[in-house]
Amino acid sequence: LSLQLFLEKYGYFSQLGPGTHSPAEFTQALRAFQQVTHLPPSGVLDGPTLHQMALPRCGTGDGQSHTAQARRAPSAPRRRRTPQHGGRWHKRQLSYRVVNWPPYLPPHEVRLAVRAAFQLWSNVSALLFWEVWDGPADIRLTFFHGDHNDGLSNAFDGPGGALAHAFFPRRGEAHFDSAERWSLRSGKGRNLFVVVAHEVGHTLGLQHSPAKSALMSPYYKKLGKDFVLSWDDILAVQNLYGKPSKGSAIQLPGKVFTHFQDWSSDAYGVDQQQRSLSAYYCHSFFDAITADADHTLYIFKGSHFWEVPASGNASDPQPLESRWPGLPASIDASAWSQLSGKFYFFKGGRCWCYRGSRLQAGFPQKCSARGLPRHPDTVLYFQQLRRLVLFKGSKYFVASEETLSLEPYYPRSLRDWQGVPPGTAGALTHRDGFVYFFRDERYWQFDRAKLRVLATGKWAAQLPWMGCWDANAGQVLF
Ligand SMILES: [Zn+2]
Ligand SMILES: [Zn+2]
């Protein structure tokens, strides 16, 4: 790749497309490249600059990162915006598909690595991803050799050089060079997990970051022991899509991702590893939780829910629409009534009531108009009162199922529920007779007769019936 082609390909000339450039433009372009790569900005093609240009990297241009750099350094000339500014998706639930597979890597390992790469981003933002195995998908990952019909400057160049590239929203394409020696172990070859995670960042609208530690910096990074995402990456994705719906961002260190290859041979087998990944609520936060007559748990997050039967084997995430048609995503609270066998859902000021999958006549209703709180933290059917109890901040509210309106003498102080913290995500009555409250990674076990908390701990590790058993085993780190 000639110097001119390199600088053109990566967006360092202000006019687009090939053409002739004056010596002054070359100096300017080199200086911008040196600033992005943290070299002394001499504007001269010296040894370190040539070396830097030869390193393996992402094939997507640096247009915006060096514009950002130029804005920060007043001595550098201001550069024109190139057309690769990110854009964003107008929805937060995105499907993805691995269209074909790299040679030499087992598809199920690639699938786990790709899922983990998407999970990196969903763990720190309001995004939610799911895989489709065929048909259309919002984001498609494809492996190509050489020229693959998206412009000669995007043709892959064999091992080294450009490893992959991707397009900003809403094209939803990431392309990977089939000729690289892709690997899912640490150390050997190019780590596919790291490169997929980076390219997924582009498909979400993230540009190259001038921060050295960022996953979105343009040069290939080995998988280290540290966090894969830096704060620069996290702020960039949250800037586009917001924070996780509840709780704070979860970062996972690189050492969690070094053993995709080993997973196929360990004692758990692939199905269970996939289950451990699919039950990612175990390492995240959920919107709401409840349990039905069979003591099956329902755990809600975004537009999906998980079912955890009494056996403790969590289902794959299922779309809310498939069970409760008409229910919106990201509900605030849910409860199942032992009295009527109905499911209740709350979001904003509204409430929904279902028997099975059937929305009951007259729903959704504006429950906040009848004295119930908007955005309740938690709803619980409380057998002692034969009522629904809504928790919001430092207060609780009581309503009968018939009227769904606030009963006299309420709201009252949360102090009546001795030891229950404000701001819980959900609660349920377990088959052991205790009520469990959940907030972030903790639970509180509540005695219904004594009306006080007996114990507290971490639910994923200490309550086997939450379906996170494989996370406890210490073998699989998800
Ligand atoms: Zn890139
Ligand atoms: Zn391409």
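Two strands are taken to pair if DSSP finds at least two bridges between them. In this predicted model, strands S22 and S23 form a hairpin with 2 residues between them. Asp440, which lies in the turn of this hairpin, has a positive phi of about 50 degrees. Strand S22 comprises residues 435-439 and is joined to S23 by 5 bridges, the two strands running antiparallel. Tyr436 has Gln445 of S23 as its bridge partner.

The hairpin belongs to an open sheet of 4 strands, in the order S21-S22-S23-S24, with antiparallel pairing. Strands S21 (426-429) and S24 (452-458) stand at the edges and have a single partner strand each, so one side of each is left without a neighbour in the sheet. From one strand to the next, the twist averages 20 degrees. Strands of a sheet pair through backbone hydrogen bonds, in either a parallel or an antiparallel arrangement.

Strand S23 (residues 442-447) is joined to S24 by 6 bridges, and this pair also runs antiparallel. Within the pair, Phe446 has Val453 of S24 as its bridge partner, and Asp447 stands opposite Arg452 of S24. S23 and S24 form a hairpin with 4 residues between the strands, in which Leu451 takes a positive phi near 55 degrees. S23 is mostly covered, with 5 of its 6 residues buried.

Contacts to this part of the chain are also made by Ile289, a residue of strand S9 (residues 288-291). Leaving aside neighbours within four places in sequence, the residues in contact with Ile289 include Gly426, Ala427, Leu428 and Phe438. Tyr298, Ile299, Phe300, Ser334 and Met466 are also in contact with Ile289. The side chain and backbone are set in a covered position: Ile289 is buried, with a relative accessible area of 0%. In UniProt, an unreviewed entry places the feature "binding site" at Ile289.

A zinc ion (ligand 2) has protein donors from His148 (NE2), Asp150 (OD, listed twice), His165 (NE2) and His175 (ND1). These donors lie 2.0 to 2.8 Å from the ion. The spacing of the donor residues in sequence is H-x1-D-x14-H-x9-H. His165 lies in strand S5 (residues 162-166) and His175 in strand S6 (residues 173-177), so the pair ties together parts that are 10 residues apart in sequence. His165 is buried, with a relative accessible area of 2%. His175 is likewise buried, and its relative accessible area is 3%.

Helix H7 spans residues 231-241, and its buried residues are Asp233, Ile234, Val237, Gln238, Leu240 and Tyr241. Seen down the helix axis, the buried residues of H7 fall within an arc of 160 degrees, so they line one face of the helix. An α-helix has 3.6 residues a turn, so residues three or four places apart point the same way. Trp231, Leu235 and Asn239 are exposed on the other side of H7. Helix H5 (107-122) is included in what covers the buried residues of H7. Just after H7, Gly242 takes a positive phi of about 85 degrees.

Key
Residues are numbered from 1 along each chain as its sequence is written. Chains are lettered from A and ligands numbered from 1 in the order in which they are written. This is a predicted model: local features need pLDDT of at least 70, side-chain atom pairs count only at pLDDT 80 or more; totals for chains, interfaces and linings use all residues. Side-chain values use heavy atoms; hydrogens and water are left out. Buried means under 20% relative accessible area, exposed over 50%, partly exposed in between (1.4 Å probe, protein chains only). The arc is that of the directions from the helix axis to the C-beta atoms. Contact means heavy atoms within 4.5 Å. Donors are N, O and S atoms within 2.8 Å of the metal (3.2 Å for Na, K and Ca); water is not among the atoms, so sites may look incomplete. Axes are lines fitted to C-alpha atoms, for helices over the stretch in contact, and angles run from 0 to 180 degrees between N-to-C directions. UniProt positions are given in the numbering used here, feature names are shortened, and annotations may be inferred rather than shown by experiment.
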